[in-house]
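Hi,

Here is the model I promised to pass on. Have a look at it first, and then read my notes underneath.

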Amino acid sequence: MEKSIEKNSGLAALFLDELKELYGAEQHQTMILPLLKKAASSLQLQSVLANHLDHTRDQITRLEEIFTILGEASQTRQSEAILSIGHEGEQVISETEKGTATRDAGLILAAQKLEHYEISAYGSLAQLARTLEYDEVLDLLETTLFEEKETDDLLTSLAENYINTAASRE
Ligand SMILES: [Fe+2]
């Protein structure tokens, strides 16, 4: 067990609560990402989403490692933010035409909202881990944070370099 869990009980409880929300959010994403990928036309976008689904599974394992390090059972708390972003992704699919770059642009938008939620959640959690001196936990959170930022950058470059321009011509 990490050393300072007892001496900062309020902050440690807040950390654990956020950890449960992220655990729920990552699990929900294993359902959303395949829907987005299936709806995408661009092969590059499909591949970024498929890779991110693989990352998401690793990230779930990392969160389980964190629960173990903290001596807690892995538990989820429903993330309203992810439910609502997932719903937006479904709306993009129902409101755009299959096979269009406009749909892909909308899918990127939804996927980036997911990433931005995760970047802020993991970033804040990493900061709490730093304060709580959860060194091992911090390393795991930073590995995931790096992957989330990388995915976000890939989505940005896809939008900038190809998809948004193609969509503007439709
Ligand atoms: Fe993630």
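Starting from the N terminus, the elements of the protein chain run α-α-α-α-α. That makes five helices and zero strands, where helices (H or I, at least four residues) and strands (E, at least two) are DSSP runs numbered from the N terminus. The C-alpha atoms fill a box of roughly 60 × 25 × 20 Å, taken along the principal axes.

Some housekeeping before the details. This is a predicted model, with residues numbered from 1 along each chain as its sequence is written, and local features need pLDDT of at least 70. Side-chain atom pairs count only at pLDDT 80 or more, while totals for chains, interfaces and linings use all residues, and side-chain values use heavy atoms, with hydrogens and water left out.

On confidence: pLDDT is the predictor's confidence in each residue, from 0 to 100. The protein chain has a mean pLDDT of 93, and 95% of its residues reach 70 or more. Among the elements, helix α5 (residues 135-168) has the lowest confidence, at a mean of 93, and helix α2 (residues 43-69) the highest, at 97.

Now the metal site. What coordinates the iron ion? The donors are Glu26 (OE), listed twice, plus Gln59 (OE1), Glu118 (OE) and Glu148 (OE), at 2.1 to 2.4 Å. Donors here are N, O and S atoms within 2.8 Å of the metal (3.2 Å for Na, K and Ca), and water is not among the atoms, so sites may look incomplete. Along the chain, the donors follow the spacing E-x32-Q-x58-E-x29-E. Glu26 sits in helix α1 and Glu118 in helix α4, so this pair ties together parts that are 92 residues apart in sequence. Both Glu26 and Glu118 are buried, which means under 20% relative accessible area (exposed is over 50%, partly exposed in between; 1.4 Å probe, protein chains only).

By that cut-off, 48% of the 170 residues of the protein chain count as buried. The largest nonpolar core has 51 residues. A nonpolar core, to be clear, is a set of buried Ala, Val, Leu, Ile, Met, Phe, Trp, Tyr and Cys residues joined through side-chain atoms within 4.5 Å. Phe15, Leu19, Leu45, Ile66, Tyr134, Val137 and Leu141 have the most contacts inside this core. The elements giving two or more residues to the core are α1 (9-39), α2, α3 (80-95), α4 and α5. Its largest share, 15 residues, comes from α4.

Next, how the helices pack. Axes are lines fitted to C-alpha atoms, for helices over the stretch in contact, and angles run from 0 to 180 degrees between N-to-C directions. Angles under 35 degrees count as roughly parallel, over 145 as roughly antiparallel, 65 to 115 as roughly perpendicular and the rest as oblique. A crossing is left-handed if the near helix is turned anticlockwise from the far one by less than a right angle, and right-handed if clockwise. With that in hand, here are three pairs:

- α1 and α2 pack at about 155 degrees, with their axes 9 Å apart, and are therefore roughly antiparallel. Their crossing is left-handed.
- α4 and α5 have axes that come within 8 Å and cross at roughly 160 degrees, so these two are roughly antiparallel as well. α4 passes α5 in a left-handed crossing.
- α2 and α4 have axes that come within 12 Å and cross at roughly 25 degrees, so this pair is roughly parallel. The crossing of α2 with α4 is left-handed.

One backbone oddity to check when you have the model open: Glu133 has a positive phi of about 60 degrees although it is not a glycine. Glu133 lies in the loop between α4 (101-132) and α5, and is partly exposed, with a relative accessible area of 33%.

Finally, a few single residues. Ala12, in helix α1, counts as buried at 7% relative accessibility, and its C-alpha is 32 Å from that of Asp153, 141 residues away in sequence. Gly123 is in helix α4 and is partly exposed at 26%. Glu95, in helix α3, counts as exposed at 62% relative accessibility. Glu95 and Thr68 are 27 residues apart in sequence and 43 Å apart in space, C-alpha to C-alpha.

Cheers
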